[in-house]
Amino acid sequence: MRRTASPFSLVVLGFGTFLLVLAPLLAWYVQPRAAVNPIDIDTTAVYTGRGSVFDTEKIETVPDQKITVTQRVRGNVEDSERSGNAVWDVVTTVDTDKSLPAADPHDALDVNVHRWVLDRETTEPVHCCEEKPYIEGEAYLKFPFDVQKRSYQWWDNTLGGTVVLRYQGTEKVQGYTGLKFTGSVPPTKAGTRLVPGSIVDQPDRPQVLAEEWYSNHGVELVVDQATGRVIYAQTGPRRTLRAPGGEKDAAVLLDAEKIAFTTETQKEAVRQAERDSGQLQLVGETLPIGTAVAGFVLAVAGGVLVARGRKEDGTPDMAETPDMPQPTLTK
């Protein structure tokens, strides 16, 4: 008896086998290539809080001022494509109500312009493409993909160095759960600034190259685990001036216990985190698992159909055998 498989059973078996091969490809090949930092990023984060600010017109520190920090990040697509990395230009401004709204970032109370170049897959700093300053550490504007529950070296641009941020558990932001990291910065000399001597208690000197000191009451970040996106940020900067070689602060430029993401910035960060982590989960978990299950079911079904086959026997059935003459016995 000879058995042959129907075309349908072969199609079912072949498609099931294809899905079984596709499932690990989605998880091991497609998903890692979907987890890359964009080159066309254009985002704005706004922090607000209250604190003391040095008023350049009054030549004194004014307390209890509303402080707004605006950080805009734009990707330089041309430089990114040429280098193969993500090249992000960052403009950070500090304002009080007195300097807002500003038609130009340089009209702000303080402005900082720099460029961060990062590996698109690992988020590690890359030193090329007119990077400024020389950024180090494991994370800056965002964490790497697949954030681990451990301490990270976070780049603090005001400090000009890294800060250890320690994992502190999970926390919800606008109903979305992220990983919480905290750290602080002790008083550290961060640079120098040419100022009138009277500001640093040296009235007899018209100008002094004063020391600029920086510390931070506390840094708190809540991060989306899948994408590394910061969905909540809080900082407490303190910037002061000291006379050259001085041991005490002579003037306070900025001092705020808490400056944090506005509600609007939190909501937008959460929206983007949900979208991006959902896409990563789709190609990294949902599709591979669904594809594997469907492939297994189809492969088994196709195998059963092929095994049954279709009878094609060349010997006639007994019921269809024509009458044959019976042999006659003769003596």
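How many of the 5 residues of strand S6 (residues 152-156) are buried? In this predicted model, the answer is 4, and strand S6 is accordingly described as mostly covered. Strand S6 does not stand alone, for S6 and strand S7 (residues 161-173) pair in the antiparallel sense over 5 bridges. One of the residues that can be followed across this pairing is Asp156, whose bridge partner in S7 is Gly161. Between the strands of this hairpin there are 4 residues, and Gly160 takes a positive phi near 75°.

From this hairpin the reader can step back to the chain as a whole. The secondary structure of the protein chain comes to 3 helices and 12 strands, and of its 331 residues 40% count as buried. Among contacts in the protein chain with a separation of 6 or more, 57% are accounted for by residues 24 or more positions apart. The accessible surface of the chain comes to about 19,000 Å², and 54% of that surface belongs to carbon and sulfur atoms.

The interior can be approached through its nonpolar cores. In soluble globular proteins, nonpolar side chains tend to be buried together. Here the largest nonpolar core has 36 residues, and the members that touch the most other members are Ile67, Phe143, Leu165, Phe181, Leu221 and Ile231. Phe181 gives a view of these surroundings: leaving aside its neighbours within four places in sequence, Phe181 is in contact with residues including Phe143, Leu165 and Leu221, and its contacts also include Tyr152, Val147, Val219 and Val223, as well as Gln148, Arg150, Arg166 and Glu220. Apart from the largest core lies another core, of 11 residues, among them Trp88, Val90, Leu118 and Tyr140.

A polar residue deserves separate attention. Asn37 is found in the loop between helix H1 (7-34) and strand S2 (42-55). With a relative accessible area of 0%, Asn37 counts as buried because that value falls under the 20% cut-off. What does the side chain of Asn37 meet there, in terms of polar contacts? The side chain of Thr123 makes a polar contact with the side chain of Asn37 at 3.1 Å, while the backbone oxygen of Asp119 lies 3.2 Å from a polar atom of the Asn37 side chain. Not counting residues up to four places away in sequence, Asn37 touches Asp119 and Thr123 together with Ala86, Trp88, Leu118, Arg120, Glu121, Lys142 and Phe145. Two of these, Trp88 and Leu118, are named among the residues of the 11-residue core, so that the loop residue Asn37 is in contact with members of that core.

Definitions and conventions: Residues numbered from 1 in each chain as written. Predicted model: local features only at pLDDT ≥ 70, side-chain atom pairs only at ≥ 80, totals over all residues. Heavy atoms only, no water. Core = buried A, V, L, I, M, F, W, Y, C linked by side-chain atoms within 4.5 Å. Buried < 20%, exposed > 50% of the residue type's maximum accessible area, 1.4 Å probe, protein only. Contact = heavy atoms within 4.5 Å. Helix = DSSP H or I, 4+ residues; strand = E, 2+ residues; numbered from the N terminus. Pairing = 2+ DSSP bridges. Polar contact = N/O pair within 3.5 Å; in protein donor to acceptor, adjacent residues only side chain to side chain. Areas by Shrake-Rupley, 256 points an atom, 1.4 Å probe, with all protein chains shown as cover.
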